[in-house]
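Student: Could you take me through the salt bridges in this model, one pair at a time, and then say a little about the empty space inside?

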Amino acid sequence: MYSKKILLLYLLIFNLFFIFQISSFAQTNTIKGKVVDADNQPVFAANVYSSSFPNKGTTTDFDGFFLLPSFTYPDTLLVSYIGYKTYKIYLEKSLDKDSIFIILKGQENVLNQMVITARNPISEEFSVIKLEKMDIYTNPIAAGDPLKAITALPSSTNTDESANPVLRGSSSDRSRVVLNGVPIYKPVRNGQINGLGNFSLFNAEMIDKQYVYASNPPLTYGNTSAGLIEIQTNHELIYNHVQASVSLANIGGLISRKLGENTFIQAYGNYQFPDAFLKVNEKRIENLIDFTTKDAGLNFHSNLTNKSSINSFSYFIDESYIATRNSYAYEGQNDAQKNRFFSINNYSLKEENYNFKINTLLDFSKQDYNFGNLSSQIENMQSYVSLDYKYLLLKSTSIQTGISYDYSKYNFNDSLPEYYYANSPKDPNYFYKHQSENTNIEAYLYSNWNINDELTMSSGFRSNIPTKNQEYYLSTQMSFNYKPNKKNNFILSGGRYHSYSTPSFIDANYFLLQSLQFALDYSYSTKKVLFTTAVYHKYETGNFQDSETITFDKAKITGFEVFVKHNLSKKIEYSLSNTFINQQVRINEKYQKGSNQLNYFIKASLTYSNPKLFTAALFYIDRPGTYFTSIDNGIFRDETNAYEPVFNSTIYNQQLNSYKNLSLNINRFFPFGKYALVVYASVNNILDRKNEQNALYSFDYQTQYFNNFQRRTFYMGLVWQLNK
Amino acid sequence: MVNIQKKIYDTFVSTMMTQKNQALLDLNDQLTALHKEKKQNLILYWQSYLHYYNAIYHLKTQDKDNAEKQIDKGIELLEDMENKNSEDYALLAMLQSFSMQFKSGVKAPFISKNVESNAQKAEKLDAKNVRAYYVQASNDYYTPEQYGGGKKAEKLLLKAVSLPEQSIKSPYLPSWGKEEAYEMLTKLYIKAEKWEEAKKYYQEGIEAYPNSYVISQLATKLVGK
């Protein structure tokens, strides 16, 4: 009996013990597991703990594994690490499996959203080059001018020393410069002031960013059939700033001032005068006799709320110059004067997932030009309004849509030569009064899709809404950006584009121009090396007025560019680029080489920058001369009492000599506490080479000689700054 | 990697005493080898932090060229890092801010803008990250008034000292910034001759960090005020 009872008691105790054991095992256990992120990469140093004992946790190892020794069920298991949402799981009882696999989700990427709704253009990834203010100041050729900075790029194929953008072999009138969302037609000054040629209308101190689309301009903008330069003025002011400058040909002042937390203004003015510059460079500038320019700009920016802002930029310029000019057998003075005023006003609203902008432009100009029996008075008015709406559709997709209204009017009051070759004041002329206007209304849709981290695709459609007798057109484009890693970047783009020509006294009409373009751009960048290359093909149609006597209607351009920039050391940097352009134009139903056929176009720079001593940049350009049609003979005409030129029967039969230009810019920065002084000097065409600009002839066309680009010229100046 | 921040600091102190930075370089070699094997951003973070201390070492031993090289290396590591978190941005901003002393006057305002932008990213990604505020404050504090500095530091430092050292407690993660924020706040009040506030934050600081050399140094300036 006893033994039975003892046995039962024993069994009972054993069972109780066993049950207790089991239940106690069920309550406290070790948890093993692995923590990874959304890309299945192990998360190191994540905290793993229970909600009841947050201080008795553990951390994951390098491979994401953890072992939490004592976890008492039921409880909540938490895993946390910076940059991720804290993972929580309520565990009622021991896990069935050996270990737990945890995927940490990233926190809402607030930074990505910022990018989407920020002011950067939707097409940013498809711009070949982005220049910031510092890039303009440190550019070896720019002399602080935003558009001059572009001429150092291999995609810039200017052959005329002007700041007007000429991109990838297309004429400058096919490319557009857009400032704060509105087009600025003819964005350069007339006068050749500095030894480096024409300057643009823009001031680097006002500029925040500048995007260059060398070909395939994004269809968020219209009226371009070549490339696009998109410039944005400052949206914030880093510091108050006063600047005064004086140079051989200019005195100027600039003031940047914050007006409270959310508002600032920038104002500047310049007066350019000829005396000192022409005196120093006497005899080296063949044509320029006199010039005067006055200009002033005012930019006002205000953040109305956290989400909305307004910007207003107004600019006025009054310029005049007198230069010697040759036209056929006549040599005389040309006298040019121009006033221009434009005002760009913008409103921008940024919400979490959309962005809305209104951009407006009013642009007036009046110019007088007198030369021989030619007298031209042109008044121009441009007005532009666009509405843009950018929407973040999905995390990876954004779309932008909008409409633009672009009105342009020209009034010509000209006295033009009766005979194109008879230009002296006594030669007959006729009065020509003409008004041309064009209303260009377009609507567009542009989408940008980040397929994955490496691949982005964009597509765009832009169509006109024809007014008057305009023909209907649809511009389309598609682009891919492939970025396999941080160093390599490929952009493949193609599309069809449309623009209108800008009227001039040679032809006062608006012609519709078209182009079909394909381009592949590649870049490789590291801290020390930037290598870019591009290959492209363009097929352009429309009316091309090359001169009074040559018109062509189609052009094929195939180009290849290669560029390398290398920081040899902290102080020394060099760059080297070459561009090849095969330009075929159709004249009288037959294709032949164009004037800008360039078998090479070398640009090289060497920069030494040592803030304690000085910064010096050498820049060298070497390219073949452009082609022109020579005049071989003259026939005397009684009605004009002058010789009429007889052109060679082969168009573009002769070539100017090859163009070589070595220039040097040198500057030194002297800081004095709140003040700073920048002293600079430049020499253009150091080798004093006679680079032929165009052919000139004796009165009977029996002798040919050449007009040259600027010979060796010197320029210098200083800038005084006060920052406070 | 446990208590790595303290290890780096202790190594730095010892190198300052011996005037040889071999120990810092050895530590860097170890981290480099570790990162080769385990591709973790956190290892890169501490490598950058180590470069920062190496730069301070060179600066203190009058070798500006190497100081600049070290800080540039630290900045490069962080700039190249993918998927940066709040701590990475905060450290990047601090290193950039430190690098300004080596850069020419023309570039300084642009670097200052980068510092501000990165520190703001750090704040956006984690509003409780004390280092995000400290770095912004420090940038403002050391930006000369003529460049618009000295206006926001006080507010940012007050925010910094109100936050915990770490939003996620971990011996692997950084905890710097709060001690420095107390020091800078006290200095700021001393400079402005606001003695009551200076004493208040000195007291709070020294209570939170009784062994702090940088805070305790300020005591002499407060005596008799």
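Tutor: Here is a walk through the salt bridges, followed by one cavity.

This is a predicted model, where local features need pLDDT of at least 70, side-chain atom pairs count only at pLDDT 80 or more, and totals for chains, interfaces and linings use all residues. Residues are numbered from 1 along each chain as its sequence is written, chains are lettered from A and ligands numbered from 1 in the order in which they are written, and side-chain values use heavy atoms, with hydrogens and water left out.

Side chains of opposite charge can pair when their charged atoms come close. Counting a salt bridge as a side-chain nitrogen of Lys or Arg within 4 Å of a carboxyl oxygen of Asp or Glu, you get 22 over all chains.

Start with A:Glu561 and A:Arg168, whose closest N and O atoms are 2.8 Å apart. This pair links distant parts of chain A, 393 residues apart: A:Glu561 is in strand 28 (residues 551-567), and A:Arg168 is in the loop between helix 4 (146-150) and strand 9 (176-179). Helices (H or I, at least four residues) and strands (E, at least two) are DSSP runs, numbered from the N terminus. Both A:Glu561 and A:Arg168 are buried; buried means under 20% relative accessible area, exposed over 50%, and partly exposed in between (1.4 Å probe, protein chains only). Add A:Asp521, and A:Arg168, A:Asp521 and A:Glu561 make up a salt-bridge network.

Next, B:Glu79 pairs with A:Lys527, with 2.6 Å between the closest N and O atoms. B:Glu79 sits in helix 4 (residues 64-80) of chain B and A:Lys527 in the loop between strand 26 (512-525) and strand 27 (529-545) of chain A, so this pair joins two chains. B:Glu79 is partly exposed at 27% relative accessible area, and A:Lys527 is partly exposed at 45%.

Within chain B, B:Arg131 and B:Glu87 form a salt bridge, their closest N and O atoms being 2.7 Å apart. B:Arg131 belongs to helix 7 (residues 130-142) and B:Glu87 to helix 5 (residues 86-99), so the pair ties together parts 44 residues apart in sequence. Both B:Arg131 and B:Glu87 are buried.

Now for the empty space. The lining of the second largest cavity has 20 residues, with A:Ile141, A:Lys148, A:Glu161, A:Ile621 and A:Tyr659 nearest its centre. A cavity here is a set of points, on a 1 Å grid over the protein atoms alone, where a 1.4 Å probe fits but cannot get out, and lining residues have an atom within 4 Å of a point. Strand 32 (615-623) and strand 37 (659-672) of chain A each supply at least two lining residues.

Methods:
On a 1 Å grid over the protein atoms alone, a cavity is a set of points where a 1.4 Å probe fits but cannot get out, and a pocket is an open set with protein on both sides within 12 Å along at least five of seven lines; lining residues have an atom within 4 Å of a point.
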